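Notebook open, coffee ready. I'm going to look up a few charged pairs and then one pocket.

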Amino acid sequence: MTFRPLHDRVLVRRLEAPEKTSGGIIIPDNAREKPQEGEVVAVGAGTLAENGDVIALDVKAGDRILFGKWSGTEIKIEGEDLIIMKDSDVLGILD
């Protein structure tokens, strides 16, 4: 990938939404909600503290994360749909 986020930004690949409900009903594409779960593709260097030190981000490439429903900006890089968001938009890391 040729894109590197700056500062406190995180590049995320949204995970696929399930095609069926737990009861077996197939959900059409236009009725499916976008999942709020993704995989971190790349992260910026971190935020700048008042004293000039760089504070590293809590997430790293490869982490599975949860983020807010309206978080980030959807972008397309090399034909792939990705989301770029601030580190503060990440709600948590899934183990």
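**Entry 1: a first pair.** I started with K60 and D63, whose side chains meet in a salt bridge with N to O at 3.1 Å. Worth remembering that this is a predicted model. Are the two partners buried or exposed? K60 is exposed, with a relative accessible area of 52%, while D63 counts as buried because its relative accessibility is 10%, under the 20% cut-off.

**Entry 2: a network.** Next I checked which residues are joined by shared partners. Salt bridges link D8, R9 and K86 into one network. In the pair of D8 and R9, the closest N and O atoms are 3.1 Å apart. D8 also meets K86, at 3.4 Å from N to O. That second pair ties distant parts of the chain together: K86 sits in strand β7 (residues 80-86) and D8 in the segment before β1, 78 residues apart. I looked up accessibility too: D8 is buried at 14%, R9 is partly exposed at 33%, and K86 is partly exposed at 36%. For the whole structure I noted 8 salt bridges.

**Entry 3: a pocket.** Then I turned to the second largest pocket, with a volume of about 170 Å³. What kinds of residues line it? I wrote down 3 nonpolar, 5 polar and 4 charged. Among them are R14, P35, W70 and E74.

**Entry 4: one lining residue.** I picked P35, which lies in the loop between β1 (9-14) and β2 (37-43). P35 is buried, with a relative accessible area of 19%. Its C-alpha atom is 7.0 Å from that of R14, though the two are 21 residues apart along the chain.

Key
Residues are numbered from 1 along each chain as its sequence is written. This is a predicted model: local features need pLDDT of at least 70, side-chain atom pairs count only at pLDDT 80 or more; totals for chains, interfaces and linings use all residues. Side-chain values use heavy atoms; hydrogens and water are left out. Helices (H or I, at least four residues) and strands (E, at least two) are DSSP runs, numbered from the N terminus. Buried means under 20% relative accessible area, exposed over 50%, partly exposed in between (1.4 Å probe, protein chains only). On a 1 Å grid over the protein atoms alone, a cavity is a set of points where a 1.4 Å probe fits but cannot get out, and a pocket is an open set with protein on both sides within 12 Å along at least five of seven lines; lining residues have an atom within 4 Å of a point. Grid points are joined across faces, edges and corners, and a volume is the space filled by probe spheres set on the points. Ala, Val, Leu, Ile, Met, Phe, Trp, Tyr, Cys and Pro count as nonpolar, Asp, Glu, Lys and Arg as charged, and the others, Gly among them, as polar. A salt bridge is a side-chain nitrogen of Lys or Arg within 4 Å of a carboxyl oxygen of Asp or Glu.
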